[in-house]
Amino acid sequence: MLRSSVKLFNYRIYLKEFLTIFFCYLFFEQCLSWIFTQNAYLNNVTVKAICIGIYAYVLTDFKSLKVSEKIFVGLFTILMAKLVFESLTYFKAPFKYFEVFTVIFPVIYTIFIKSLFRKLNADILEFVAGFYLIMYLVFMALFGHEFSFSLSFTSYNTGPFSGDSRIIHAHSIYMMIIPFLWYLHRFITTQRANAFFLFVLCFTIIVIHQHRSVWSCAIFASLVFFILLVRTNRKAMSGLSAFLVISVSMLLFAVTIISSTSPELVSFFSDRFSEILNPAKEGSTGGFRLEQTAIYLGYIVEKPFMGWTFEGYQMENPYVDWWESGTGHHFHQGFIEILFYHGIAGLLLKYSFLFYLIYKAFSKNLRKEAVVLIPFCISGLLFSFNYTLPLIFWGHVGMCLYYLEKKDMVYYYEKGSDELILKED
């Protein structure tokens, strides 16, 4: 019986597999889910339900996982058993605060995405890059009418929105680094004009939304990208030279024009950028993060290994009273969040994927997809000093791990048979 299929990612994929990728991967990007529902509560409930389903699936598919993946799933399951026991003991409910689970769930989600792409033999990075660019344009066309450089407050303050005239939260703008690096790589290796245009578009998007955390990560990821590119592809040197000449010339030209027509805009962006180097500036979000970190480090030291879990979640916020009681602590620092709730054990379990990618960055034989994704994923360590990493980020980490292990597959006809056989090349 024929199965329904769609053409996607430059190959034909069965509809069931496409729906799996859409709802278990792409839908976790808040901008996309908002376009469909425009309801933050519904999106949160849907994502939680999908997460439970993903964990159940990973457990039933345990035998097909690789040894290293089984170890991570096993450790996560032990941690879950501990949390369920605590919840039953103190609250008479199997899981009192689901958010305590979601903080550590990226461990399972990373493994799930990696194993899913391995089963599909997927090659979707190019699609993901295009997806983010198109999604951004659609989202801004629908909801970006209040955008301005003024940083004034807007009526949108939930879901993917930043709550000010930048419109989109740093979580989503951060993901634009993927197409930014992808089209940069494509231009350097092919020197096609359309690739450079798309790179400039991504660069402009990152700049105009003024999220300094994203600026820092983009700079860091670019530096790592150039290092990996030079180490793994000597032929790219000519393209890299052409890129530097063109981009520097265009940047100088743009700054000259803007400074002569709108000098206040140049001054505005200079002041914004300077705050990256001075995060403790009074009244800045960087100062808020530093103060929050200093306060919560005192609690982390009290329970350094396994964290405060449910007891910490229901604790009154020791820093501000902006948020309702019983809604957690709304951390603006990923490392502090995981250390507070799950301690050093949780930190090592969750961030070990990124530490492993740092190790793999020293490899000389890397696929082009890994050259693009490793810098982005490693920059998550920097982003974690400013925000908690969104769940979709860990899906991209899973994709990166998949590409690191991916072997090219070819179809061939077995002798004496009309059946196509898939094998590693």
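**Close-up 1. F362 sits in the loop between α16 (334-360) and α17 (368-383).** In this predicted model, F362 is exposed, because its relative accessible area is 63% and the cut-off for that class is over 50%. Look around F362 and you will find a nonpolar surface patch of about 690 Å². Its other members are F305, M306, I344, L348, F355 and I358.

**Close-up 2. The second largest pocket holds about 1200 Å³ of space.** Its lining counts 30 residues, and those nearest the centre are F203, T204, V207, L251 and V255. Five helices each give two or more residues to this lining: α9 (177-190), α10 (193-208), α11 (212-232), α12 (237-261) and α13 (263-277). Helix α12 supplies the largest share, with ten residues. As for chemistry, 26 of the lining residues are nonpolar and four are polar, while none is charged.

**Close-up 3. D61 and K119 form a salt bridge, with their closest N and O atoms 2.5 Å apart.** D61 belongs to the loop between α3 (40-60) and α4, whereas K119 is part of helix α6 (residues 106-120), so this pair ties together parts that are 58 residues apart in sequence. The two partners are covered to unlike degrees: D61 is buried, with a relative accessible area of 15%, and K119 is partly exposed at 45%. This bridge is one of eleven in the model.

**Close-up 4. K114 pairs with E69 and with E405.** The closest N and O atoms of E69 and K114 are 3.1 Å apart. That pair links helix α4 to helix α6, across 45 residues of sequence. For E405 and K114, the N to O distance is 2.8 Å. Here E405 comes from helix α18 (residues 391-405) and K114 from helix α6, so the contact ties together parts that are 291 residues apart in sequence. E69 is buried, at 0% relative accessibility, and K114 is buried as well, at 6%. E405, at 29%, counts as partly exposed. Step back a little and K66 and R118 join E69, K114 and E405 in a network of salt bridges.

**Close-up 5. S68 lies in helix α4 (residues 67-91).** Its relative accessibility is 37%, so S68 counts as partly exposed. For a sense of distance, compare S68 with V45: the two are 23 residues apart in sequence and 31 Å apart in space, C-alpha to C-alpha.

Note on methods:
Residues numbered from 1 in each chain as written. Predicted model: local features only at pLDDT ≥ 70, side-chain atom pairs only at ≥ 80, totals over all residues. Heavy atoms only, no water. Patch = residues over 30% accessible without salt bridge, like charges linked within 9 Å, V, L, I, M, F, W, Y side chains within 5 Å. Areas by Shrake-Rupley, 256 points an atom, 1.4 Å probe, with all protein chains shown as cover. Salt bridge = Lys/Arg side-chain N within 4 Å of Asp/Glu carboxyl O. Helix = DSSP H or I, 4+ residues; strand = E, 2+ residues; numbered from the N terminus. Buried < 20%, exposed > 50% of the residue type's maximum accessible area, 1.4 Å probe, protein only. 1 Å grid on protein atoms, 1.4 Å probe; cavity = no way out; pocket = protein on both sides within 12 Å on 5 of 7 lines; lining within 4 Å. Points joined across faces, edges and corners; volume = space filled by probe spheres on them. Nonpolar A, V, L, I, M, F, W, Y, C, P; charged D, E, K, R; others polar.
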